[in-house]
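Student: Before we discuss this model, could we look at it together and go through the reasoning behind the terms used to describe it?

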Amino acid sequence: MSGKHKKQFGIWMDTHHATIVGREHLDSGDFVVLAHEENPGYTRTSNEHAKMNADITLIHKFFKVITSHMQNAEEVHVTGTGQVQEQFIHHLADTAQFKNVVTYDSTSNKMSDEKLIEFMSEKFN
C-alpha cells in the first residue's frame, strides 16, 4: 500500500494484555504489530482502600506504556473485552498529547495478530 495516511493505531486490549498495531512507516504502509504489553496484575492486600489505589496506579502505568508506542497519533481504534477500552479512551482524552486524537471503539473477542491487523486495516480504509 502506498500513499499518505493519518497516523493511525489500533489496539486490542483487556485488563491484562494489549496488542498495539500501527503502520510500518508511521503514516504509510501496511499495518504491523508494534508491541504486546502486559498489565503486571493486581496486588493482594487485606486493606481494600490500598488495593483500589494500587490497582488504579497499575492501570495508569499500563495505559502509559501503551501510549508510548503511539507517537503523534491522529486516529486510534480500541477494541477488546470488558470496560477497559472506555477507560483507555478517557485516559487519552485527559492526556494533553492525545486530547485531539479521534478515537473509535468496538467490542471483540481475543484475536490473533494477523486477524487484528486485518481488522484494523478494514476499519481504517
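Tutor: The turns below take the sheet, its central pairings and a helix one after another, keeping in mind that this is a predicted model.

Student: What makes the sheet an open one, and in which order do its strands lie?

Tutor: The 5 strands follow the order E3-E2-E1-E4-E5 in an open sheet with mixed pairing, and E3 and E5 are its edge strands, since each of these pairs on one side only. From one strand to the next the twist averages 20 degrees.

Student: How do you know that E2 and E3 pair, and in which sense?

Tutor: Pairing requires at least two bridges between the strands, and E2 and E3 have 7 bridges, in the antiparallel sense, with Gly 22 standing opposite Val 32 in E3.

Student: Why is the pairing called mixed?

Tutor: Set beside the antiparallel pair E2 and E3, E1 and E4 run parallel and are joined by 6 bridges, Trp 12 standing opposite Thr 79 in E4. E4 also pairs with E5 (residues 102-107) in the parallel sense, again over 6 bridges, and Glu 75 has Val 102 in E5 as its bridge partner. Between E4 and E5 the chain passes through H2, making a β-α-β crossover that is right-handed.

Student: Why is E4 described as largely enclosed?

Tutor: A residue is buried when its relative accessible area is under 20%, and 6 of the 6 residues of E4 (residues 75-80) are buried, so the strand is largely enclosed by the rest of the structure. Both faces are covered, with Glu 75, His 77 and Thr 79 buried on one side and Val 76, Val 78 and Gly 80 buried on the other.

Student: How do you know that the span of H1 is close to the expected one?

Tutor: The expectation is 1.5 Å times one less than the number of residues, which for the 20 residues of H1 (residues 48-67) gives 28 Å, and the helix reaches 29 Å from its first C-alpha to its last.

Student: What makes Asn 47 a cap of H1?

Tutor: A polar contact needs N or O atoms within 3.5 Å, and a side-chain oxygen of Asn 47 lies 2.9 Å from the backbone nitrogen of His 49, at the N-terminal end of H1.

Student: Which residues of H1 are buried, and what covers them?

Tutor: The buried residues are Asp 55, Leu 58, Ile 59, Phe 62, Phe 63, Ile 66 and Thr 67, and their cover includes strands E1, E2 and E3 together with helix H2. An α-helix has 3.6 residues a turn, so residues three or four places apart point the same way.

Definitions and conventions
Residues numbered from 1 in each chain as written. Predicted model: local features only at pLDDT ≥ 70, side-chain atom pairs only at ≥ 80, totals over all residues. Heavy atoms only, no water. Helix = DSSP H or I, 4+ residues; strand = E, 2+ residues; numbered from the N terminus. Buried < 20%, exposed > 50% of the residue type's maximum accessible area, 1.4 Å probe, protein only. Contact = heavy atoms within 4.5 Å. Polar contact = N/O pair within 3.5 Å; in protein donor to acceptor, adjacent residues only side chain to side chain. Right-handed = clockwise from strand over helix to strand, strands pointing away. Axes fitted to C-alpha atoms, helices over the stretch in contact; angles between N-to-C directions.
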